[in-house]
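This report describes selected features of one structure. The sequence and the coordinates are displayed first.

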Amino acid sequence: MESISETRSNIKRLGKTLGLICRIAMIVFILLAAFSFVLAGISVLLPDTMSSFKSYFEQNTIFQLLKAAAGLKSMDQRYVSAIGAMVTAIIFAVLALYLGSFRKLLMEMVSSEKPFTQDLARTIRRKSYTLLLMLVYNPVVALLTFLIAMLFSYFVEYGAHIQEKADQTSRIQEEMIVSFAEITENKSGQTGKHVRRVAEYTRILATALGLDRETVENLRLASTMHDIGKLMIPGEILEKPGKLTEEEYRTIKTHTTYGGKLLQNVEGDVIALARTVALEHHERPDGRGYPEGKTEISLAGRIVAVADVYDALTSKRSYKEAWEEDRAYQEIVNGAGTQFDSEVVEAFKNAYGEISRIREMYRD
Ligand SMILES: [Fe+2]
Ligand SMILES: [Fe+2]
């Protein structure tokens with residue numbers, strides 16, 4: 001989970017740096033265009049001062065070409081310089097425009113959910129041909145920048161390829177997760193929409209806690225597997241009406257460790273998160289939870305704990321009636337700092353309107 005958002009922020013940083021370089025280069029080209037434009041004027045109006053700009057004209061391919069052509073027709077030196085400088089000014093202006101549009105592309109890329117696309121790679125390649133205009137000014141610089149831009153376009157294309165693969169993997173993960181959740185739901189004897197409501201409460205709580213969109217979505221998916229370990233618990237115990245014996249209760253508690261085991265050999269960010277949730281959704285900050293009784297609980301575990309208990313309280317189970325909404329709300333609030341994490345309970349209070357709406361929407 002973290003590696004993806006890290007990569008994304010690295011891309012953003014890289015994009016921003018490249019954008020800054022583009023902006024600086026754009027300003028340089030605008031200045032060069034203005035300078036060339038002024039030189040064109042000087043060539044005609046003040047031909048005597050032209051010797052100070054000798055080096056500018058000497059390394060200017062356009063000027064050299066023009067001079068060679070003009071020599072054949074014995075054209076006035078002043079006009080050759082002026083035309084040379086004017087054409088150069090236009091080329092610099094075009095390059096400045098190119099950099100401006102390239103920078104815009106970069107900024108779009110940085111702010112996009114999917115920074116790399118085949119389309120973008122093609123656009124960069126197409127635009128890069130503009131850089132060849134510089135050939136007439138300085139062939140080495142022209143070829144070098146053209147090559148860099150081309151390489152960048154292939155880098156983007158490669159990124160797009162990797163991104164497609166990653167999307168495919170997460171689609172497969174998601175399909176698998178939904179099937180897992182459905183199987184658990186059928187087996188665990190809990191009423192129909194428990195998994196869906198817990199997932200929605202998890203999403204609401206995670207959002208209220210200020211987590212980013214991607215993390216919220218991963219956590220929502222992961223939460224659907226919190227009780228997956230119940231697949232390993234005998235149906236008679238799960239569906240038993242009335243009070244459980246001490247022994248039966250101990251057996252039920254093992255659904256957390258079974259869940260962790262079931263998910264431990266499956267790869268993927270969401271599955272790794274699901275494993276943590278399966279292991280920790282019955283832990284309590286006061287250390288009186290299970291299976292380990294630990295007090296250092298991951299945020300994912302702390303969030304799903306609140307979502308799960310709130311839904312269990314407000315739902316009818318084989319051994320109990322559904323609680324009134326206000327009573328369930330109070331129970332969660334009273335558990336802050338002991339059964340539940342205080343920060344998550346705070347988020348629960350703040351987002352209660354939405355939680356209550358979801359409960360109404362997905363009634364059993
Ligand atoms: Fe559970
Ligand atoms: Fe549950």
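The sections below treat the metal sites, the aromatic contacts, one helix and one loop residue of this predicted model.

## The site of iron ion (ligand 1)

The iron ion (ligand 1) takes its donors from D227 (OD), H255 (NE2), H281 (NE2) and H282 (NE2), at 2.1 to 2.3 Å. The angles subtended by the four donor atoms run from 84 to 175 degrees, and the arrangement is therefore irregular. A tetrahedral assignment would need all angles to lie between 85 and 135 degrees. Along the sequence, the donor residues follow the spacing D-x27-H-x25-H-H.

D227 acts as a bridge between the iron ion (ligand 1) and the iron ion (ligand 2), with 4.1 Å between the two ions. Because D227 belongs to the loop between helix 8 and helix 9, and H281 to the loop between helix 12 (269–280) and helix 13 (299–314), the pair ties together parts 54 residues apart in sequence. D227 has a relative accessible area of 4% and is buried. H281, at 2% relative accessibility, also counts as buried.

## The site of iron ion (ligand 2)

Which residues coordinate the iron ion (ligand 2)? The donors are H194 (NE2), H226 (NE2), D227 (OD) and D308 (OD), at 2.2 to 2.5 Å. This site is irregular as well, its four donor atoms making angles of 78 to 167 degrees. The donor residues are spaced H-x31-H-D-x80-D in sequence.

Two of these donors, H194 and D227, link distant parts of the chain: H194 is in helix 7 (residues 194–208), whereas D227 is in the loop between helix 8 (213–223) and helix 9 (235–238), 33 residues apart. H194 and D227 are both buried.

## Aromatic pairs

A pair of aromatic rings is described by the distance of the centres and the angle of the planes. Searching the whole structure gives 13 aromatic pairs. One of them joins F35 and F53 in an edge-to-face arrangement, 6.0 Å centre to centre with 70 degrees between the planes. F35 lies in helix 1 (residues 2–45) and F53 in the loop between helix 1 and helix 2 (54–58), so that the pair links parts of the chain 18 residues apart. With a relative accessible area of 36%, F35 is partly exposed.

F116 and F155 form another pair, with ring centres 5.8 Å apart; their planes meet at 85 degrees, so the pair is edge-to-face. F116 is placed in the loop between helix 4 (77–111) and helix 5 (118–128), and F155 in helix 6 (residues 139–188), 39 residues apart. F116 counts as buried at 10% relative accessibility, while F155 counts as partly exposed at 41%. Ring pairs connect F116 and F155 with Y98, F102 and F152 in a cluster.

## Charged groups over rings

Where does R125 lie with respect to Y154? R125 is over the face of Y154, 4.3 Å from the ring centre. R327 has its charged end over the ring of W323, at 3.5 Å from the centre of that ring.

## Helix 14

Helix 14 (residues 325–334) has A328, I332 and V333 among its buried residues. Why do they fall on the same side of helix 14? The reason is that they cover an arc of only 135 degrees around the axis.

The buried residues of helix 14 pack against helix 13 and helix 15 (342–350). On the face turned away from the buried side, helix 14 carries the exposed residues D326 and N334.

## The loop residue L231

The loop between helix 8 and helix 9 contains L231. L231 counts as partly exposed, with 25% relative accessibility. A residue is buried under 20% relative accessible area and exposed over 50%, so the value for L231 falls in between.

With neighbours within four places in sequence left aside, the contacts of L231 are I183, T184, K187 and L262. Of these residues, K187 is 44 residues from L231 in sequence, and the C-alpha to C-alpha separation of K187 and L231 is 6.4 Å.

Terms used: Residues are numbered from 1 along each chain as its sequence is written. Chains are lettered from A and ligands numbered from 1 in the order in which they are written. This is a predicted model: local features need pLDDT of at least 70, side-chain atom pairs count only at pLDDT 80 or more; totals for chains, interfaces and linings use all residues. Side-chain values use heavy atoms; hydrogens and water are left out. Donors are N, O and S atoms within 2.8 Å of the metal (3.2 Å for Na, K and Ca); water is not among the atoms, so sites may look incomplete. Four donors count as tetrahedral if all angles lie between 85 and 135 degrees; four count as square planar and six as octahedral if opposite donors are over 155 degrees apart and all others between 65 and 115; anything else is irregular. Helices (H or I, at least four residues) and strands (E, at least two) are DSSP runs, numbered from the N terminus. Buried means under 20% relative accessible area, exposed over 50%, partly exposed in between (1.4 Å probe, protein chains only). Rings of Phe, Tyr and Trp (its six-membered ring) pair if their centres lie within 6.5 Å; planes under 30 degrees apart count as stacked, over 60 as edge-to-face and the rest as tilted. A charge sits over a ring if NZ of Lys or CZ of Arg is within 6 Å of the ring centre and within 35 degrees of the ring normal. The arc is that of the directions from the helix axis to the C-beta atoms. Contact means heavy atoms within 4.5 Å.
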